Amino acid sequence: MLSRRMFCGCASAAVWSGLVATRAEAAESAACAVPTRESQHAKTPADVLARLKAGNERLVTGNIVQCDLMQQVKGTASGQAPLAAIVGCIDSRVPPELVFDQKIGDIFCARVAGNFVNTDIIGSLEFATVLSGARAIVVLGHSSCGAIKGAIDNAKLGNLTATLANIRPAVKATKTSGERNSKNTAFVEAVAEKNVRMTVAALNERSPAMRKLVAAGDLKIVGAMHDIATGKVTWLS
Ligand SMILES: [Zn+2]
């Protein structure tokens, strides 16, 4: 026969697990809700960055949210109001939607080898922010980046030569007491971080329209580094 104490223990455990499940479901339904113009406007840049941080935490801890993607396809068919824009590398190990556990309609992504910006990408980001209302831009570099290594070693190959030239300023601006080649892992990571910081600065310098949004507190442009070995994103100050 169950003692009163055992019964109470089981009952409270059931209540507790029900509460945990309810909270998990609530978090899941919030993460799966397609952003609307109203919900986008209601969020600050800090809210959006917190959402991305929480998404990366879910990835790292094995708790990614399962959403009904076809429901999201239907929910975004008549329009979109993404919360953030990511400038990332083409590297297959750093897909922004997965890195931040975001779904359909949540984020704009511009991807190019070495996550730098040019006129076309800045124009795309102006579309994402000025016209479409995204509240944050994240320039996302990553560890062990092949484009960074290629720029460091001054690799030459067809059109890639011109692409890598966009990263050369970050190579030149990075100091090291070791060898200035891609075998120097610390140098590779330092150049990748410098490249992110220079890209953030370039966005502020080259886009008066986005600079205005930043000044008004309606947009934040930040840099971050993704560790391909752990999945974790470290935010640059
Ligand atoms: Zn890369």
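In this predicted model, helix H6 passes helix H11 in a left-handed crossing. The two helices, H6 spanning residues 119-131 and H11 spanning residues 208-215, pack at an angle of about 35 degrees, and their axes lie 10 Å apart. On the H6 side, the contact is made by Leu125, Glu126, Thr129 and Val130, which meet Ala209, Met210 and Leu213 of H11. By residue class, this contact of H6 with H11 comprises 5 nonpolar, 1 polar and 1 charged.

Turning to the sheet, 5 strands form an open arrangement in the order S2-S1-S3-S4-S5, and their pairing is mixed. Strand S2 (107-111) and strand S5 (233-235) sit at the edges, each pairing on one side only. On average, and with direction ignored, neighbouring strands of this sheet are turned by 25 degrees against each other. Within the sheet, strands S3 (residues 136-142) and S4 (residues 220-226) run parallel and are joined by 7 bridges. Val139 takes part in this pairing, with Gly223 in S4 as its bridge partner.

The nonpolar interior is a good place to look next. The largest nonpolar core holds 48 residues, and those with the most contacts inside it are Ala84, Ala85, Ile137, Val138 and Ile148. Helix H10 (residues 185-206) supplies the largest share of this core, with 8 residues. Val138 offers a closer view of the packing: leaving aside residues up to four places away in sequence, Val138 touches Leu52, Ala84, Ile86, Val222 and Ala224. Among these neighbours, Ala84 is itself one of the residues with the most contacts inside the core.

Notes: Residues numbered from 1 in each chain as written. Predicted model: local features only at pLDDT ≥ 70, side-chain atom pairs only at ≥ 80, totals over all residues. Axes fitted to C-alpha atoms, helices over the stretch in contact; angles between N-to-C directions. Helix = DSSP H or I, 4+ residues; strand = E, 2+ residues; numbered from the N terminus. Left-handed = near helix turned anticlockwise from the far one by under 90°. Contact = placed C-beta atoms within 7 Å. Nonpolar A, V, L, I, M, F, W, Y, C, P; charged D, E, K, R; others polar. Core = buried A, V, L, I, M, F, W, Y, C linked by C-beta atoms within 7 Å. Buried ≥ 20, exposed ≤ 12 C-beta atoms within 10 Å, placed from the backbone. Pairing = 2+ DSSP bridges.
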